[in-house]
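Here are some notes to read alongside the structure, for anyone meeting it for the first time. Keep the view open and follow the points in order.

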Amino acid sequence: MKAQNLKQTEQEELRKKRKKRLLILLLLLLLAGGCYSLYHVLGQKPKENVTIISGDFLPEGKDAKKMSDKELAKLAQQKADNSQFNMMIGSKAKIDNQTQQGMLNIRNPQTNTYPVNVVITDDQTGDVIYTSGAIEPGEEVSHVQLEKNIS
């Protein structure tokens, strides 16, 4: 009986040692994985210069074609048009002194590429009198509520 108990105790101790070794191994693997991840996430990688090799090393052209002068001009004009900006703001505003509401014509023409935000300020104080919020191309603002009393 003692021999059997002794054997069971030895087997339990052997299992405990194996569990400890396995746990230590898992912790070491986890630590190594964490260090590896930190190295790649936080590590500074030098920028690689890309070299384009021409001449005999390149394969024959397959799908590329030369752009015509007309296509190049059209592309250049499209880029120029996208970079231009037009805005239409009426020169006269009608504002009620008591309610600070009124008519102010602001238009973002359909030909524009981007939305606009109009901010009107007092030249003397620099205070903001009105902010339109985003006006998308093709939209207009006509009825306004001033943010500051101008009376």
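1. A word of caution before the tour: this is a predicted model. Everything below should be read with that in mind.

2. Start with helix H1, which covers residues 2–42. At 1.5 Å a residue, its 41 residues should span 60 Å, and the end C-alpha atoms sit 59 Å apart, which agrees. Is H1 buried or in the open? Of its 41 residues, the number buried is zero, so H1 lies largely in the open.

3. Now move on to strand E3, residues 101–108, and look at how its side chains are arranged. In a regular strand the side chains alternate between the two faces of the sheet. E3 shows this nicely: Gly-102, Leu-104, Ile-106 and Asn-108 point to one face and are buried. Gln-101, Met-103, Asn-105 and Arg-107 point to the other face and are not buried.

4. Which strands pair with E3? Strand E1 (residues 88–89) does so in the antiparallel sense, over two bridges, with Ile-89 partnered by Ile-106. Strand E2 (residues 94–95) is also antiparallel to E3, again over two bridges, and here Ile-95 stands opposite Gly-102. Strand E6 (residues 139–145) runs antiparallel to E3 too, joined to it by six bridges. In E6, Val-141 is the bridge partner of Ile-106. Ile-106 is therefore worth clicking on, as a bridge partner of both Ile-89 and Val-141.

5. Take a look at the hairpin of E2 and E3, which has five residues between the strands. Most residues other than glycine have a negative phi. Gln-100, found in the loop between E2 and E3, has a positive phi of about 60° although it is not a glycine. Is Gln-100 buried or exposed? At 6% relative accessibility, Gln-100 counts as buried.

6. How many salt bridges are there? The count comes to two. Side chains of opposite charge can pair when their charged atoms come close. In one of the two, Arg-107 meets Glu-140, with the closest N and O atoms 2.7 Å apart. Arg-107 lies in E3 and Glu-140 in E6, so this pair ties together parts that are 33 residues apart in sequence. Arg-107 is partly exposed, with a relative accessible area of 38%.

7. Asp-127 and Lys-148 also form a salt bridge, and their closest N and O atoms are 3.0 Å apart. Asp-127 belongs to the loop between strand E4 (116–121) and strand E5 (128–135), while Lys-148 is in the segment after E6, so the pair ties together parts 21 residues apart in sequence. Both residues count as partly exposed: Asp-127 has 29% relative accessibility and Lys-148 has 31%.

8. Last stop, the largest nonpolar core. What is in it? Ten residues in all: Leu-104, Ile-106, Val-116, Val-118, Ile-129, Tyr-130, Ile-135, Val-141, Val-144 and Leu-146. The elements giving two or more residues to this core are E3, E4, E5 and E6, and E5 gives the most, with three.

9. Within that core, pick out Tyr-130. Leaving aside its neighbours within four places in sequence, Tyr-130 is in contact with Ile-106, Val-118, Val-119, Ile-120, Val-141, Val-144, Gln-145, Leu-146 and Glu-147. Among these contacts are Ile-106 and Val-141, the bridge partners from E3 and E6 in point 4.

Notes:
Residues are numbered from 1 along each chain as its sequence is written. This is a predicted model: local features need pLDDT of at least 70, side-chain atom pairs count only at pLDDT 80 or more; totals for chains, interfaces and linings use all residues. Side-chain values use heavy atoms; hydrogens and water are left out. Helices (H or I, at least four residues) and strands (E, at least two) are DSSP runs, numbered from the N terminus. The expected span of a helix is 1.5 Å times one less than its number of residues. Buried means under 20% relative accessible area, exposed over 50%, partly exposed in between (1.4 Å probe, protein chains only). Two strands pair if DSSP finds at least two bridges between them. A salt bridge is a side-chain nitrogen of Lys or Arg within 4 Å of a carboxyl oxygen of Asp or Glu. A nonpolar core is a set of buried Ala, Val, Leu, Ile, Met, Phe, Trp, Tyr and Cys residues joined through side-chain atoms within 4.5 Å. Contact means heavy atoms within 4.5 Å.
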